[in-house]
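Trainee: Could you take me closely through one part of this structure, and then follow the thread outward to the elements around it? I would like a careful, connected account.

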Amino acid sequence: MKRIQNYAPEGFIALDNSALIYPPTEAVFNANTFRVSMDFSFSIKKAILEQALHDLLYRCSYAKIRLHTGFFWYYLSPNDAEPIVHEEGGYPSGRFAFKENNGYLFKVLYSEHRIALECFHALTDGSGATAYLKLLIERYCFHAGMPQMEFSGGLNYRVRPAKQEFSDPFQHLYDKQIPSYPAISKAYHRKGNGLFDDRVKVISATIATDQIKKRAKQLSLTIGEYLSTVYLYSLQQLQLEEVPNQKQRKPIRLSVPMNLRRIFGYDTMRNFTLFAVVGIEPALGFYEFDEIATEVHLQMVQSQSKKRLLSQIKRNVSGERNPFIRFAPTALKNPLFKLLSDFLGDDQYSGVISNLGYVALPPQLESQVVRCDFHLSPGLLNKISLAVIGYLDRIVVNFNSFYATDTSLERLFCTFLVEDGIQVEIATNREDTR
Amino acid sequence: MAYCVRCGVKLSNGTKTCPLCGTEVQLPPGMEETSSDPLFAKELPPEGTHGITKARKGLIELIIALFAVSEITVGLSLFFSDALAYGFIPLFCIAMATVSLVSIVLAKPRYVHHASWQSLIVALLLLGLDGADFVWSWSLIAVGGIVIFWMYGVFPWSRWAKKHVKGGIALSVLSTVFYLALINLVVSGALTWFLPVAVPTLLALLLGTLLFFLWFSNRKGNRIPIADIVLGSMVVLFSSSAVFDGSLARYQTGAISLRWASSLLVTALVILLFMVAASLSLRLRRYFTSHNRHD
């Protein structure tokens, strides 16, 4: 067999541009983690999963890294420690305990029927993590003696890793001449009712793809746009109760992460996403659902324009290259980055909806996969995040929330879907429901 | 597989209440549902144990270590300078500071909890400082002051007070009465000025507030103009000042007379007259309110 040569990282590896913000802002209520998982009809054996994880790290040696706090920047370095396979706990995408994970930036979890991959965002984004999970499952099935198969759009175990897989495309796309993307005003943030704590409470809504597709098609929207529209409509109803004075209503905006791999044609395994900000201005009056749908569609198309994206990239990368920031010690950078993450991030939008898209399964696995999940850690300002993933004939929308009892957003969202003729099935890890 | 009758969503097997609206799942009599797998392998862990326990533990250990070191250092230095007889106050202060810091780490992160614990600790500290010789004097007044602060600054935000507003107000008023009596008892050794001066003044204040409250709340419309609130408060304050002046004069000289509060009483009467007139006469009200608010 041909020996596979890896582009093994040596010594100091810089974080990619969009990963820079995650380590300084990491906190109890801002974990910056996410989880992708797959449930199977067969039971999962820990020993086989460990073998599969070993294979994954053999193929993707660039993921064998740990995070360090340097004098000027956070940086990555190769990690020789043994990776650990964890048993699944009671809730997803909590704060990442690096020490308990031997320093790795991703965590492989298992339960009786589930394989999950939880990532700290500095390592990769949702698409990257899905590619890791696909390879992990492929290797698991291989070692479990199941028929060989390959996920479409995943990593090939037998192919030597391309240099591009661990490159930072943001640095390639940076153009000094382009003006920076302008900052926008503050958006509406829900106050919410009752207490909240750091446990991520999940309400998982499973929807039949054909039903939602049909409805979205009637409105000339994609599924992602339709879900964003429902989210905005629900938030508008909540704002209507919370802020009775129309003039005082702040804009409601959503942050929708976009996978730039398709737009710019890069094949990196690091972070390569930017956020489309779509929203409405309720100070101008009440928006009907159709009006929001039009706004969302137009704004999504606009934000996918390469020119706008390059301008955003210019803003982000020029910040990194600014000599004042470059030569400031980490201790000074941390509070600055926290402020920046608020001004250019959380302040500007009222919620996050991350759509991982459709995960195509190999035909051999179709009958074995029971469920796919995607979870995203919420933040202190926006205490609910929506994570969407599609598989087979279903779409799973996971509401990840810090609120202890407040489920009004989830209720508005799901009841809207039900009223719109879409059947919704609900499951949760919240207490006192079973 | 059941449906929520209120939200219309399908619920996973074995669900007792709808996660969205809390409505109980109603199954036909005699029907039992098998329980499906939970969303995650384990139950939701107890609140706040993840991520912060270790930090809390470390902090408490640090505080206790600092406590031990400072107690030993101060104790030894007092011992070697032959001043151990005066050692109670510094050592007690260090101990109470430790308790205060530990309570900051352990108390639930809510204003009511923190403020209550700190008030209690400060009260104990004051009682301890004053009662080193087992005789308590000034600390009783100070502790009473802390209780009053708690009644007006912390208690209204507690769940009980939010639920029982009338009871909360009654308790606050009662605590004020008891505090005044306590001051009288501590300073004079018996109830001297409390009954002839404090009680009539408080009664006047309560009665005035109650009358104005009834008047304002029974008027048409829910909105109470800010001018009415300001003028009403002035009337209540001025007239109860007059009662205070009168009862104080009676307590000191034996004759009921107004000394410095006569002008206040006249002002109160004039304002009251104006308010009654404005309330009765539409024309007067229009003259004093802006052109677009004739209510």
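**Strand pairing in chain A and the elements around it**

Mentor: In this predicted model, Ile13(A) has Leu76(A) as its bridge partner in β4(A). That pair belongs to the antiparallel pairing of β1(A) with strand β4(A), residues 74-78, which is made over 2 bridges. The two strands are part of an open sheet of 3 strands in chain A, ordered β1-β4-β3 and paired in the antiparallel sense. Its edges are formed by β1(A), residues 13-14, and β3(A), residues 65-69, each of which pairs on one side only.

Chain A also holds an open sheet of 5 strands, whose order is β5-β6-β7-β2-β12 and whose pairing is mixed. Here β5(A), residues 85-87, and β12(A), residues 369-376, stand at the edges with a single partner strand each, so one side of each is left without a neighbour in the sheet. On average, and with direction ignored, neighbouring strands of this sheet are turned by 20° against each other. At one edge, β5(A) runs parallel to strand β6(A), residues 106-110, and the two are joined by 3 bridges, with Glu87(A) opposite Tyr110(A) in β6(A). Helix α3(A), residues 126-143, packs on this sheet, where it touches β2(A), β6(A), β7(A) and β12(A), and its direction makes about 145° with that of β7(A).

Further along chain A, a helix pair deserves the same attention. Helix α6(A), residues 223-242, and helix α13(A), residues 408-419, pack with their axes 9 Å apart and at an angle of about 125°; α6(A) and α13(A) are therefore oblique to each other. The crossing in which α6(A) passes α13(A) is right-handed. From α6(A), the residues that take part are Val230(A), Tyr231(A), Tyr233(A), Ser234(A), Gln237(A) and Leu238(A), and they meet Ser408(A), Leu409(A), Leu412(A), Phe413(A), Phe416(A) and Leu417(A) of α13(A). Divided by class, this contact has 9 nonpolar and 3 polar residues, and no charged ones. As background to such spacings, an α-helix has 3.6 residues a turn, so residues three or four places apart point the same way.

Strand pairing also links the two chains, since strand β15(A), residues 424-428, runs parallel to strand β2(B), residues 10-11, and 2 bridges join them. Within this pairing, Ile426(A) stands opposite Leu11(B). Taking the contact between the chains as a whole, 26 residues of chain B are in contact with 33 residues of chain A, and the residues on the chain B side comprise 13 nonpolar, 8 polar and 5 charged.

Within chain B, a second helix pair can be set beside the one described above. Helix α6(B), residues 165-188, has 24 residues and reaches 35 Å from its first C-alpha to its last, close to the 34 Å expected at 1.5 Å a residue. The helix is followed by Gly189(B), whose phi is positive, near 85°. Helix α7(B), residues 194-217, crosses α6(B) at roughly 160°, and their axes come within 11 Å; α6(B) and α7(B) are therefore roughly antiparallel to each other. Their crossing is right-handed. In the contact, Val173(B), Val177(B), Leu180(B), Ala181(B) and Asn184(B) of α6(B) meet Phe194(B), Ala198(B), Leu202(B) and Leu206(B) of α7(B), and by class these residues are 8 nonpolar and 1 polar, with no charged residue.

Conventions. Residues are numbered from 1 along each chain as its sequence is written. Chains are lettered from A and ligands numbered from 1 in the order in which they are written. This is a predicted model: local features need pLDDT of at least 70, side-chain atom pairs count only at pLDDT 80 or more; totals for chains, interfaces and linings use all residues. Axes are lines fitted to C-alpha atoms, for helices over the stretch in contact, and angles run from 0 to 180 degrees between N-to-C directions. Helices (H or I, at least four residues) and strands (E, at least two) are DSSP runs, numbered from the N terminus. Angles under 35 degrees count as roughly parallel, over 145 as roughly antiparallel, 65 to 115 as roughly perpendicular and the rest as oblique. A crossing is left-handed if the near helix is turned anticlockwise from the far one by less than a right angle, and right-handed if clockwise. Two residues are in contact if their C-beta atoms, placed from the backbone, lie within 7 Å. Ala, Val, Leu, Ile, Met, Phe, Trp, Tyr, Cys and Pro count as nonpolar, Asp, Glu, Lys and Arg as charged, and the others, Gly among them, as polar. Two strands pair if DSSP finds at least two bridges between them. The expected span of a helix is 1.5 Å times one less than its number of residues.
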